[in-house]
Amino acid sequence: MRTSAAVLATAGALTAAQLGLAGSASAATGSAAPKAAPRAVAGCPIDIVYTSRFQINRNGWVTNGGLYFGIKNKSRSTIKNVTFTVTNVKNVRFGRALPKGGKVTHKTSKTVSVFDKTFKGKAKLGFKVNTHLLNTRSYKVKFAVHGTGWNCAVNQGTWGA
């Protein structure tokens with residue numbers, strides 16, 4: 001009985017830690033200003049950056065040009081052939097995407113990818129995309145990063161409410 005209690009306590013702590021790393025986002029119809037919040041993944045030389053505060057109009061579209069999603073290189077070394085992909089998991093649709101630091105290579109209503117051949121040290125790569133939230137209380141996207149010259153997992157987690 002003690003063993004199962006210890007296992008459950010460990011699993012509960014692990015789940016709490018995972019939830020803490022997942023981050024949170026807030027959608028407001030008031031006067032919240034868009035702001036980017038870094039998200040660190042352990043053992044990986046990149047930070048995931050995304051909009052943490054944004055406004056939604058009455059039709060469910062994010063105002064001020066949409067949401068920003070990107071990555072930031074923490075190291076000084078160059079990483080080759082980097083692709084950063086954001087994919088809809090729940091209740092998100094994408095419109096026009098404007099790249100920042102690379103070029104958009106794949107864009108559908110549910111997926112946007114941006115590519116950079118040489119992702120230099122301390123550089124940023126991302127895109128700002130017009131975003132429609134089908135349900136403003138429940139939405140989620142997932143991040144994936146591909147590249148050569150690093151030791152990062154492809155799946156970089158999720159974002160949403």
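**Figure 1. Asn91 sits in the loop between strand S5 (79-90) and strand S6 (92-100).** This close-up, like the others here, comes from a predicted model. What is phi of Asn91 near? Its value is near 60°, which is positive even though the residue is something other than glycine. Is Asn91 buried, exposed or partly exposed? Asn91 has 24% relative accessibility, so it counts as partly exposed. To be called buried, a residue has to come in under 20%.

**Figure 2. Asn64 is another residue with a positive phi that is not a glycine.** Look for Asn64 in the loop between S3 and strand S4 (67-73). Its phi is about 60°.

**Figure 3. Tyr50 and Trp159 make a tilted ring pair.** Before you zoom in, here's the idea: a pair of aromatic rings is described by how far apart the centres are and by the angle of the planes. A search of the whole structure turns up ten aromatic pairs. In the pair formed by Tyr50 and Trp159, the ring centres are 5.8 Å apart and the planes meet at 55°. Why is the pair tilted? Planes under 30 degrees apart would count as stacked and those over 60 as edge-to-face, so an angle of 55° leaves this pair as tilted. Now follow the chain from one ring to the other: Tyr50 belongs to strand S3 (residues 46-55), while Trp159 belongs to strand S11 (residues 155-160). The two are 109 residues apart, so this pair links distant parts of the chain.

**Figure 4. Both rings of that pair belong to buried residues.** Tyr50 has a relative accessible area of 5%, and Trp159 has one of 2%. With the cut-off for buried at under 20%, both residues count as buried.

**Figure 5. Tyr50 and Trp159 are also part of one aromatic cluster.** Which residues join them? The other members are Phe54, Phe69, Phe84, Phe127, Tyr139 and Phe143.

**Figure 6. Zooming back out, the protein has one helix and eleven strands.** Reading along the sequence, you meet the pattern α-β-β-β-β-β-β-β-β-β-β-β. Of the 161 residues of the protein, 37% count as buried. How much area does the protein expose? About 8,900 Å², and carbon and sulfur atoms supply 54% of it. Finally, take the contacts between residues at least 6 apart in sequence: 66% of these join residues at least 24 apart.

Key:
Residues numbered from 1 in each chain as written. Predicted model: local features only at pLDDT ≥ 70, side-chain atom pairs only at ≥ 80, totals over all residues. Heavy atoms only, no water. Phe/Tyr/Trp six-rings, centres within 6.5 Å; stacked < 30°, edge-to-face > 60°. Helix = DSSP H or I, 4+ residues; strand = E, 2+ residues; numbered from the N terminus. Buried < 20%, exposed > 50% of the residue type's maximum accessible area, 1.4 Å probe, protein only. Contact = heavy atoms within 4.5 Å. Areas by Shrake-Rupley, 256 points an atom, 1.4 Å probe, with all protein chains shown as cover.
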